[in-house]
Amino acid sequence: MIIFVSDIFAHQYVGGAELTTEAIIKGTDLPVLKLNSSQITHEHIDRLSDFYWIFGNFAQIPHDILMEITTKLNYTVIEYDYKFCKFRLPEKHEALEKECDCHLNTHGRLVALFYNNAKTLWFMSAAQQEIIITKFPFLKKKNSEVLSSVFCKDTLNRIENLREKTDEKNNKWLIQESDSWVKGTEDSIKHAIVTGLDYEVFQGLSYDLMLDKFSESRGFVFMPRGADTCPRTVIEAKLLGCELELNENVQHKDEEWFSGDRERCLDYLSTRTDHFWKANEIYIPYGLPQANDLNPDTHFK
């Protein structure tokens, strides 16, 4: 069994990190136990220490539990942002208080130790990986690599079907309304006004309706205020034929798999789940089952 830990999961909140975690979960036939990070106790660690653990967002794990994890468990970490920083983003830290020096304090060093003891450590973009390794040079090792956002096959198939069914796009440039500081909604609106784009702000759509919206629209404007490691909406917009207006804080935008044509992007995304599981296979204390050896719907909630 695989133990997945996250602050929240996709059935609780549909965000980019949660959808990537869910796509990874759907990529294995092994039974999965999902635990919210706020629920982890010393008893969980003792009772489930023989299993392999995978950590997504872990901001709600207390320091004493995190320390115990580093010494007792075999695990993988998928870092979606910058959790060595108390604001999870150095630019936000600087905007609200002062220049971020969290990598020098107890919290930052504990998070770095947590990264270091992982069997594999995954980043969302090469720029994110470089920033974190610059703060903690000892993390530059073979088991650290870029994963990017992960899409399940059903989602990629739906995107392909939408693209094929859309005969003509309107002239709207979409901007997603968000209360998150990093997402920069106000900055995106200002950019659209200054550049004379015919824009529309959307919010509160289901995931499927958002994909429909991208498939019908000309473009997507996204101007985050700080480093956004691999924003999923940008990828979805590209796959659905949108033109993109982005700033330098979209960290994956110049990576080869994304900056090329749509087909290259699709090809790359179609490999990520298998790549993740293959890289972790040697650390799981039993062989990965062949297809149909286990019911893929055997997930323990």
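The following dialogue reads several features of a predicted model, going from a sheet to helix pairs and single residues.

Colleague: In which order do the strands of the open sheet stand, and what is the sense of the pairing?

Modeller: One reads a sheet by listing its strands from one edge to the other and then noting the direction of each pairing. In this predicted model, 4 strands form an open sheet in the order S8-S7-S9-S10, and the pairing is parallel. Strand S8 (199-202) and strand S10 (243-246) each have a single partner strand and stand at the edges, so one side of each has no neighbour in the sheet. On average, neighbouring strands of this sheet are turned by 25° against each other, with direction ignored.

Colleague: Which helix packs on the sheet, and which strands does it touch?

Modeller: Helix H8, residues 185-194, packs there and touches strand S7 (173-176) as well as S8, S9 and S10, while its direction makes about 160° with that of S7.

Colleague: How many bridges join S9 and S10, and which residues stand opposite each other?

Modeller: Strand S9, which covers residues 219-222, pairs with S10 in the parallel sense over 4 bridges; Gly219 stands opposite Glu243 in S10, and Phe222 stands opposite Leu246 in S10. S7 and S9 also pair in the parallel sense, over 2 bridges, and there Leu174 has Phe220 of S9 as its bridge partner.

Colleague: Which way do the residues of S9 point, and are they buried or exposed?

Modeller: The general idea is that side chains in a regular strand alternate between the two faces of the sheet. In S9, Gly219 and Val221 point one way, whereas Phe220 and Phe222 point the other way, and all of them are buried.

Colleague: Turning to helix pairs, are H3 and H5 roughly parallel or roughly antiparallel to each other?

Modeller: The reading starts from the angle between the two helix directions, where values under 35 degrees count as roughly parallel and those over 145 as roughly antiparallel. Helix H3 (residues 63-72) packs with helix H5 (residues 106-116) at an angle of about 30°, their axes being 9 Å apart, and H3 and H5 are therefore roughly parallel to each other. His63, Leu66, Met67, Ile69 and Thr70 of H3 make the contact with His107, Leu110, Leu113 and Phe114 of H5, and H3 passes H5 in a left-handed crossing.

Colleague: At what angle do the axes of H7 and H12 cross, and which residues meet?

Modeller: The axes of helix H7 (residues 153-165) and helix H12 (residues 262-269) come within 11 Å and cross at roughly 160°, so that H7 and H12 are roughly antiparallel to each other. The crossing of H7 past H12 is left-handed, and Leu156, Ile159, Glu160 and Arg163 in H7 meet Arg262, Leu266 and Leu269 in H12.

Colleague: Which contacts does Ser6 make, and is Ser6 buried or exposed?

Modeller: Ser6 belongs to strand S1, residues 2-6, and counts as buried because its relative accessibility is 2%, buried being under 20%. A polar atom of the Ser6 side chain lies 2.8 Å from the backbone oxygen of Ile8. Leaving aside residues up to four places away in sequence, Ser6 touches Leu35, Asn36, Ser37 and Asn57.

Colleague: Where is Ser148 found, and what is its phi?

Modeller: Ser148 is in the loop between strand S6 (144-146) and H7, and its phi is positive, about 75°, although Ser148 is not a glycine; at 0% relative accessibility, Ser148 counts as buried. Arg88, in the loop between strand S4 (74-79) and helix H4 (90-96), likewise has a positive phi, near 65°, but Arg88 is partly exposed, with a relative accessible area of 26%.

Definitions and conventions. Residues are numbered from 1 along each chain as its sequence is written. This is a predicted model: local features need pLDDT of at least 70, side-chain atom pairs count only at pLDDT 80 or more; totals for chains, interfaces and linings use all residues. Side-chain values use heavy atoms; hydrogens and water are left out. Two strands pair if DSSP finds at least two bridges between them. Axes are lines fitted to C-alpha atoms, for helices over the stretch in contact, and angles run from 0 to 180 degrees between N-to-C directions. Contact means heavy atoms within 4.5 Å. Buried means under 20% relative accessible area, exposed over 50%, partly exposed in between (1.4 Å probe, protein chains only). A polar contact is a pair of N or O atoms within 3.5 Å; within protein, one must be able to donate a hydrogen and the other to accept it, and residues adjacent in sequence count only if both atoms are side-chain atoms. Angles under 35 degrees count as roughly parallel, over 145 as roughly antiparallel, 65 to 115 as roughly perpendicular and the rest as oblique. A crossing is left-handed if the near helix is turned anticlockwise from the far one by less than a right angle, and right-handed if clockwise.
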